[in-house]
Structures are given as C-alpha cells and as structure tokens.
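Open the model in your viewer and keep the sequence panel handy. We will go from one selection to the next, and look at what is there each time.

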Amino acid sequence: MNNRYDVIVIGGGPAGMMAAARAAARGVQVLLLDKNEALGRKMLITGGGRCNLTNDAGIHEMIANIPGNGKFVYGALHRFSGQDLRSFLHQLGIPTKVEERGRVFPASDRASDVVQALGKHLQQMAVTVRYQTRVDALLVQDNRCLGVRAGDKKCLAGAVVVATGGMSYPRTGSTGEGYKMAKEVGHSITRLFPSAVAVTCNDPWIINREVQGVSLPGVTVSVYNQRGKVIAAEAGDVIFTHWGLSGPGVLRVGRTVALERQKVPAAALKGAIDLLPGQPREDLEHDLAKKVQAGDRRSVKNLLADLLPERMTRVLVTLAGIRPEAPAVQLNKKALQDLAALMKGLPVQITGTRPIEEATVTGGGINSKEVDPRTMGSKIVKGLFFAGEVLDVDAHTGGFNMQVAFSTGFLAGESAAAFVKGDS
Ligand SMILES: Cc1cc2nc3c(=O)[nH]c(=O)nc-3n(C[C@H](O)[C@H](O)[C@H](O)COP(=O)(O)OP(=O)(O)OC[C@H]3O[C@@H](n4cnc5c(N)ncnc54)[C@H](O)[C@@H]3O)c2cc1C
C-alpha cells in the first residue's frame, strides 16, 4: 500500500461512505479503507434490518433530538439535510418512505439495498475501496496530516477523514480505534458512555422473570435523581426483560441514566412507569370503583385485565398487597386508590444501563471543541477531518444518528477535497 491519494477515508460506515463519495464528487482521488470484508456492516442491522436512515423532522427538531452536542452539527445538517439525503438516495435508485414519528426508511424496507447502492455509487465515482485493512495510526508531521499507517504499510494523502464509528456493537467493526488515533495526534476524547441504551433494574418481580417479554405500548417512563427530581421522562413502548427494561421509550432515558451513574456510580435511581398516561388518576380510580360498585364478579386480577396484560396485572395486584384471585367486589376505597397509584407510577429500581457494547450509540468521543463545525476539520492537525459517531455527538433513536453520520460525512468529504485543492 505504498502509494498516494488526495483523500483517505478511514471507515466504510455511512459517515465514511458519504465522505468518500462527496470528496470524489469534488474531483479528487479517494481511497476508502475498512477493516471489514464489506462496507456498512452496522448499517445492515440498523432499524431491525430496515435502516431508519433519517427523520422527516425540520432542522430544529432534529437538533432537539441530538442531546449530545446537537448544536455542533447544525452547519452539517444545514449543508446536507434529511431532504438532501433522501433526494441523493432517490437518484441512486433508493426511494424512501416516512413512517410514524417521522422515521424515514428505504421503500424496500431493506438496509442491504441502501448499502449496495452506496457501494455501487462509490465504484461509479472511482473511489478505491480496500477491505480488510485496519488503520493503526495517522501520520502527522509538524501538525499536518500526511497519511495513514496500516500494519507496516504507509499510504500518503493530502487529507484524511476519520470515520471509524464509536464502540458499540464491536462485532460490526466499531471498536473505538479512531479515539486512539486521534488521541495520539493531540486530540482529547470526552468521556464515553452508552447512549440509546436499555436500563437494568433489581426489582424482584423483574429479575425473577415474572414479566419477562411483556410489552407495554405507549407508556411513560420517568427517572428521578437521588434528590427526587425528575431527570428524564419519555413516552414510548417498554419491554420487560430478565435484567430490566428495553424498548424505544426506555432507550431515550437510558442516556440520562448512564450520565447520572457516571456522576454517582453507586446510586440506584428511582424510576416510575405510568402505565396509562392518557388517563388521569382520579378517572382511573373512579372507573375501577364503578365496576366494583356495579358488583363485578371477577377476581381483582381479571378486573384489571381490561387495561393491562395479565402477567402485569398479577404483579400490580401483588405489589398493592392484594391477593390476585380475591373477588373484585371486596376492594375497599384504599385498595382502589393503591391500585390506581401503582398504575400511574409503577416504581422500579434502576441500577444502571446495559454496557456500551450493547448500546445503540456511543456517547462522547472526539472533543467537538477541537473540531471546526464549518468543515469538520481538526483545529489541531491540518488536513485531518472527522465524521460520524467517532465525534462526541449522540442522538436519540429515530434516524437522527444516521443523519448525523451522513451530514458530517458529507461536510468532511467536501472540506477534505477543498483542502487538498487549496480552496479552503
Ligand atoms: C443495532 C443498531 C441499530 C441502529 N439503528 C439505527 C437506525 O435505525 N437509525 C439510525 O439513525 N441509527 C441507528 N443506529 C446507529 C447508527 O448505526 C450509527 O450511529 C452509525 O452507523 C454511525 O455511522 P459511522 O459511519 O460513524 O460509524 P459505523 O457505522 O460504526 O462505521 C465505522 C466503520 O469504520 C470501520 N473501522 C473502524 N476502525 C477502523 C480501523 N482502525 N481501520 C479501518 N476501518 C475501521 C468499521 O469497520 C466500520 O465499518 C443503530 C445502531 C445499532 C448498533
């Protein structure tokens, strides 16, 4: 690999593929390196294999959904928006569709179609792609990036784009090597944490698998800090597992839990699930009381089965200190109040999150204060650019992370080409 290119891009995920395509579109010679045997390994598993590639939201709503340094990517999102991405993919033969909550998918529902189309586009743009090439280090002299080293081979370039991803789902190739490379040349890495991640609990009824697999659509999950203040509250579906809570509603609060646990490592945080967010507590109490007064002959457990899955009602009733099989007509006012209170705020003890390797996204990364948001260029090393999840930017689920990768990739590729051509 002893040769020279105008731009080298490290990493063939969405950020790297877009950076390579954009640099090539600006008329420079591009080499894309990935340590895997194929491009877009992580992309293939996104959105359950359907690839939620962006969101239909406008730029301000997008930034509101990027809690980790959303403002830093304002320029990139402006330069290459969700709509730009959709038009670009449309030109590559990938029409897209919008689903609920603005989530955008390829019309075919196949992530592999998107990866294939991007790969074909790179070929058409004459980008050289080398697989199974793990970059070990950046070559830097006098604060100028001169190329990369992979094993004992060196490759020189006018500019380098690091798009190596985070460190979640390492089997896809994202193992955090970009952090090491950047650190070696003077960049700081902000503390890494799991974002968009499931939370762990130690409530006996959860870890004893009483509700394992139970899914509750459209509930609200709240998390309280040790002073009892709500630090996160999100609506969405929740799924119980034998170690805690998962599902879209939980992934959004997982980030806050991870950050809070970094502040106070041993703290168990209190959580509460509003099982019926659309119904005020008084109405719920009133409805239950009406059924009881009307002489409903069912057991307590079955009375609640109109509202919740059976296994969940059994847990609720037990937590309220009532026998699940007791006749509903025996419930007094206090028991009804207790049940309604539990349904509006089922307490859970949150002990932490699943590890970073299992998180959808890695929070933290290359310190964005050291990167120019107008170009994605390093403020420390000339000719060095960053794109995608390797940066300290993380978003909620819903297509926002992929859009960040594509937008920062586009801007980094464009800027790297301009740098090489002396236009910047
Ligand atoms: C299960 C799952 C589902 C997801 N679903 C969605 C979704 O539907 N929508 C969404 O917006 N986001 C989703 N995400 C997040 C999204 O996939 C990532 O944010 C996005 O892929 C980041 O893109 P990237 O190009 O920065 O990094 P990556 O996609 O991680 O790509 C990095 C690439 O760099 C290569 N690489 C790493 N180190 C080296 C090295 N030293 N030398 C050479 N190559 C190297 C890797 O092999 C890899 O190909 C999901 C994530 C997961 C784990």
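**Stop one: residues 194-361**

Select residues 194-361: the C-alpha atoms at the two ends of this span lie 6 Å apart, and the span is 36% helix and 26% strand. Helices (H or I, at least four residues) and strands (E, at least two) are DSSP runs, numbered from the N terminus. An unreviewed UniProt entry annotates residues 194-361 as "domain: RsdA/BaiN/AoA(So)-like insert"; such annotations may be inferred rather than shown by experiment.

This is a predicted model, in which local features need pLDDT of at least 70 and side-chain atom pairs pLDDT 80 or more, while totals for chains, interfaces and linings use all residues. Residues are numbered from 1 along each chain as its sequence is written, and side-chain values use heavy atoms, without hydrogens and water.

**Stop two: the ligand shell**

Now select the ligand and show residues with a heavy atom within 4 Å of it. You should find 35 residues, the closest being D34, S174, E177, E389 and M402. Colour the helices next: α1 (14-25), α2 (41-45), α7 (177-184) and α14 (400-421) each supply at least two shell residues. The largest share, four residues, comes from α14.

**Stop three: polar contacts**

Which atoms should you pick for polar contacts (pairs of N or O atoms within 3.5 Å)? Start at E177, where a side-chain N or O atom is 2.5 Å from a ligand nitrogen. Then pick M402, with a polar backbone atom 2.7 Å from a ligand oxygen. Finally, show the ligand's surface: the protein covers 94% of the 1,000 Å² of accessible area that the ligand has on its own (Shrake-Rupley method, 1.4 Å probe).

Definitions and conventions. A polar contact is a pair of N or O atoms within 3.5 Å; within protein, one must be able to donate a hydrogen and the other to accept it, and residues adjacent in sequence count only if both atoms are side-chain atoms.
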